[in-house]
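Thanks for coming. I have one structure to show today, and I will go through it site by site. Here it is.

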Amino acid sequence: MVPQVQSMIAVTYVTDIDTSRAFYELLGFRERSSGKAGISAWLVMRYDQVSVLLAMTGSALGIPPLPMLFCFFYDDLGTVIGALDRVGVPVTRTGHPPHALGGEVKVLDPDGNTVLLGQRERLASQAPAGDEGQARFSILREAAALAASRGGATQACQVTGPDSQRCPDQAEIKLADSLGDSAWACLMHAEQILMTVPAAFIASHDGRGIAAFLAQR
Ligand SMILES: [Zn+2]
């Protein structure tokens, strides 16, 4: 029997819950629930079926600053860009990659996490972009460069093809999912995984994760 995932909540540690709440409200999220325990606090932000859990602790955790990446898709990217522009949040336009033909932009949340905002399809009212493909891999390349600066992968891509052949390319990025599985992948397979597995994210290979946090309690 195949396990049936019901939902996924992305979790990130933030420096200040109130500052982060204001930022994620700009992206359309609204507070769903929150709580405090001792020196820690948490806040669930939700839009429809999409949830983000912001957590804060009194003493800073030893979490590497990158790579952490959220990728949210919108029906109309222009609306959320407008909300960000109005309060002066810098927005970097990264083009119209194949997975976001309506456009994609990159912003940083108050803790420096990369947040990609995309629109899957080009609206009839939008002019053809002409740059499809140019921005491909840009965020993946950033993550790969960071991984390389920390020693990088010591192995080949762990993705196996349909003919059971191992991918011969050098692994550059570690990916993980919310079930706890992880794998090192080449850029091409990393993109495939991120675009087809909703619960996959770019993992930091030296992060200590939630277990270390829970072990202190
Ligand atoms: Zn590969």
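**A pocket, a zinc site and three residues**

Let me start with a lining. The residues around the second largest pocket divide into 9 nonpolar, 2 polar and no charged. Please keep in mind that this is a predicted model.

Stay with that pocket. The second largest pocket holds about 160 Å³ of space. Its lining has 11 residues. Which lie nearest its centre? They are Tyr-13, Trp-42, Leu-53, Ala-55 and Phe-213. Now the elements behind that lining. Those that give two or more residues are strand E1 (9-13), strand E3 (40-47), strand E4 (50-57) and helix H5 (209-215). Which of them gives the most to the lining? That is E4, with 4 residues.

Between two of these strands sits a residue to look at. Asp-48 lies in the loop between E3 and E4. Asp-48 is not a glycine, yet its phi is positive, about 55°. Is Asp-48 buried or exposed? Its relative accessibility is 57%, so Asp-48 counts as exposed, since the cut-off for exposed is over 50%.

Now the overall picture. The protein has 5 helices and 11 strands. Of its 217 residues, 39% are buried. What about contacts along the chain? Take those between residues at least 6 apart in sequence: 54% of them join residues at least 24 apart.

On to the metal. What coordinates the zinc ion? There are three cysteine sulfurs, SG of Cys-157, Cys-167 and Cys-186, and a histidine nitrogen, ND1 of His-189. The distances run from 2.0 to 2.4 Å. The site has 4 donor atoms, with angles of 103 to 115° among them, and is tetrahedral. The tetrahedral label needs all angles between 85 and 135 degrees. In sequence, the spacing of the donor residues reads C-x9-C-x18-C-x2-H. One pair of donors links distant parts of the chain, Cys-157 and Cys-186, which are 29 residues apart. Cys-157 is in the loop between helix H3 (138-149) and strand E9 (173-177). Cys-186 is in the loop between strand E10 (182-185) and helix H4 (187-196). Are these two cysteines buried or exposed? Cys-157 has a relative accessible area of 0%, so it is buried. Cys-186 is at 3%, so it counts as buried too.

Helix H4 brings me to a leucine. Leu-194 lies in H4. At 21% relative accessibility, Leu-194 counts as partly exposed, because buried means under 20%. What does Leu-194 touch, leaving out residues up to four places away in sequence? The list is Leu-140, Leu-175, Ala-200, Phe-201 and Ile-202. Ala-176 is 18 residues from Leu-194 along the chain, and their C-alpha atoms are separated by 9.8 Å.

One more leucine. Leu-84 lies in helix H2, residues 77-86. Its relative accessibility is 0%, so Leu-84 counts as buried. With residues up to four places away left out, Leu-84 touches Phe-23, Leu-26, Leu-27, Val-89, Val-91, Val-107 and Leu-117. Take Leu-27 from that list. Leu-84 and Leu-27 are 57 residues apart in sequence, but 7.9 Å apart in space, C-alpha to C-alpha.

To recap the two leucines: Leu-84 is buried, whereas Leu-194 is partly exposed. And for the metal, the site of the zinc ion is tetrahedral. That is my tour. Over to you.

Note on methods. Residues numbered from 1 in each chain as written. Predicted model: local features only at pLDDT ≥ 70, side-chain atom pairs only at ≥ 80, totals over all residues. Heavy atoms only, no water. 1 Å grid on protein atoms, 1.4 Å probe; cavity = no way out; pocket = protein on both sides within 12 Å on 5 of 7 lines; lining within 4 Å. Points joined across faces, edges and corners; volume = space filled by probe spheres on them. Nonpolar A, V, L, I, M, F, W, Y, C, P; charged D, E, K, R; others polar. Buried < 20%, exposed > 50% of the residue type's maximum accessible area, 1.4 Å probe, protein only. Contact = heavy atoms within 4.5 Å. Donors = N, O, S within 2.8 Å, 3.2 Å for Na, K, Ca; no water. Tetrahedral: all angles 85-135°; square planar, octahedral: opposite > 155°, others 65-115°.
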